[in-house]
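Visitor: Please take a close look at one part of this model. I would like to hear about the place where its domains meet.

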Amino acid sequence: MNTALIQKERIESLNSDPKNMQGKYVVYWMQQSQRVRYNHALAYAIELANKHNLPLITVFGLTANFPEANVRHYDFMLRGLADVEISLKKIGIPFVVQFGAPDDVALRCSRGAAAVVVDRGYLRIQKKWREDAALKFDCALIQVESDVVVPVDTVSRKEEYAAATIRPKINKLLAKFMVPLNLPILKKKNFDHSFKTISLSYIKTILKRLKVDSSVAPVEWLVAGETAAQKTLQEFIKSRLSLFSTKRNDPSVDMLSNLSPYLHYGQISPLDIALAVSKIKSESVDSFLEELIVRRELAMNFVHQNGDYDNYYSLPAWAKGTLFQHAKDKREYIYSREQLESGQTHDIYWNAAQREMAVRGKMHGYMRMYWGKKILEWSKSPEEAYETALYLNNKYELDGRDPNGFAGVAWCFGKHDRPWKERPIFGMVRYMNSSGLERKFCMEGYLKSNTAV
Ligand SMILES: Cc1cc2nc3c(=O)[nH]c(=O)nc-3n(C[C@H](O)[C@H](O)[C@H](O)COP(=O)(O)OP(=O)(O)OC[C@H]3O[C@@H](n4cnc5c(N)ncnc54)[C@H](O)[C@@H]3O)c2cc1C
């Protein structure tokens, strides 16, 4: 079955011996890939339904217990799901959203199903939901990978050391995987099922019912959902892509794509972005694809292969060794987590970056590196610094709790990097300072844009 161009490497049976293949419908269990466009799992589910002449429903389990998620995150996700509901309706696929652990909800809605198709996620909890489901489901559970350009296990079966080691492996496979995906048309539409579903028109009510941490406000400057993601992509291509290669590091001019929140919630596919950007003739295309594919998929490889991805022990031996040797070095400034969280350091640039993240929910990419390095410099120990950086990143960034966030924080402590000249506190871990920022960029401009947030 290959009409929609879903390469076999994207597809995996999660339960090898399904007992029931006799159901009355097919289920697409949506979890990571929260979109209709360029969704390989949905495309596969439609093909399966058509092959067996069955109807299809899409099911989503809304848990209140996603680690470190707060109202800012849930609000963006729920608005995206409301958009998914509209898109699914247009193609005749009912969308069932219920409160509960995603695997439990999928199971509840699959009692009469012939097969369940699920998308792929790489975080521990996402893997666990799928593993648990595989043990409980009577019918076939098939995972289809759609949120990377090249399937993670096809790229590499081990943890990659750095961008330099994964880049040639990815590049070798790009021609095979960078191909368009056309969603097949479902033959048996508008399945008349009896499952209850949450109304996505009342997001505030849903948020109240979830009782999640409401200390971090939702963002208003970025519209959620796959329709808005497509608009953001087109705006980026039209107005900013041509300057990406020269200006992407400059925090005083926002030349970035702003696609990371959409990518995080699966509201846009990296393949869709990569194909759209590749059509443009610009010197920036290669540098953008380096970030979108090589760096992002290195982060996927990291969380997929390293069981310690969310703690200090994920670091390479040389980095832990050198940081240990310098752990007792005198620190000119030491700040508590509370001081850092409220942006009360002596450094105006760092405070502005912290404010940008806390208020806006998205810190500029270059400032994220500086921000993380300074937390290492100003904390009592590297271990404490690591915890603080992850805590703040995951609490405030709209795109936080993402493989890129875990890899980004780890990078500040030496991951995916090489040893540099030895110096206090950092040892051989790469250092950054504020005079570097001032030398390269108009930091006044950054400060001004930040006082306005
Ligand atoms: C300390 C630290 C924390 C970070 N936390 C996160 C996080 O929580 N979530 C997150 O998505 N990214 C994180 N990053 C990576 C990067 O900074 C963001 O992906 C980027 O700034 C998002 O903005 P954009 O989509 O406008 O980026 P663009 O520059 O327009 O890039 C397009 C896409 O390429 C990918 N990309 C860009 N830079 C990187 C990178 N360095 N590593 C991996 N992928 C990259 C992202 O998917 C991004 O959306 C972090 C980096 C650091 C150093």
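Guide: What follows covers the domain interface, then the cavities. This is a predicted model, where local features need pLDDT of at least 70, side-chain atom pairs count only at pLDDT 80 or more, and totals for chains, interfaces and linings use all residues. Numbering runs from 1 along each chain as its sequence is written, and side-chain values use heavy atoms, with hydrogens and water left out.

Domain 1 spans 8-147 + 189-205, and domain 2 spans 312-451. These bounds come from an automatic or database domain assignment. Taken over C-alpha atoms, the two centres lie 37 Å apart.

In contact (heavy atoms within 4.5 Å) are 9 residues of domain 1 and 14 residues of domain 2. The two domains bury about 870 Å² between them, 55% of it from carbon and sulfur atoms. Buried area here is the accessible area (1.4 Å probe) that two parts lose on being put together, summed over both. On the side of domain 1, Glu68, Arg72 and His73 lose the most area to domain 2, together 61% of what that side buries.

Now the polar side. The rule finds 0 salt bridges across the interface of domain 1 and domain 2; the criterion is a side-chain nitrogen of Lys or Arg within 4 Å of a carboxyl oxygen of Asp or Glu. Polar contacts across this interface come to 8 residue pairs, both residues at pLDDT 80 or more. Such a contact is a pair of N or O atoms within 3.5 Å; within protein, one must be able to donate a hydrogen and the other to accept it, and residues adjacent in sequence count only if both atoms are side-chain atoms.
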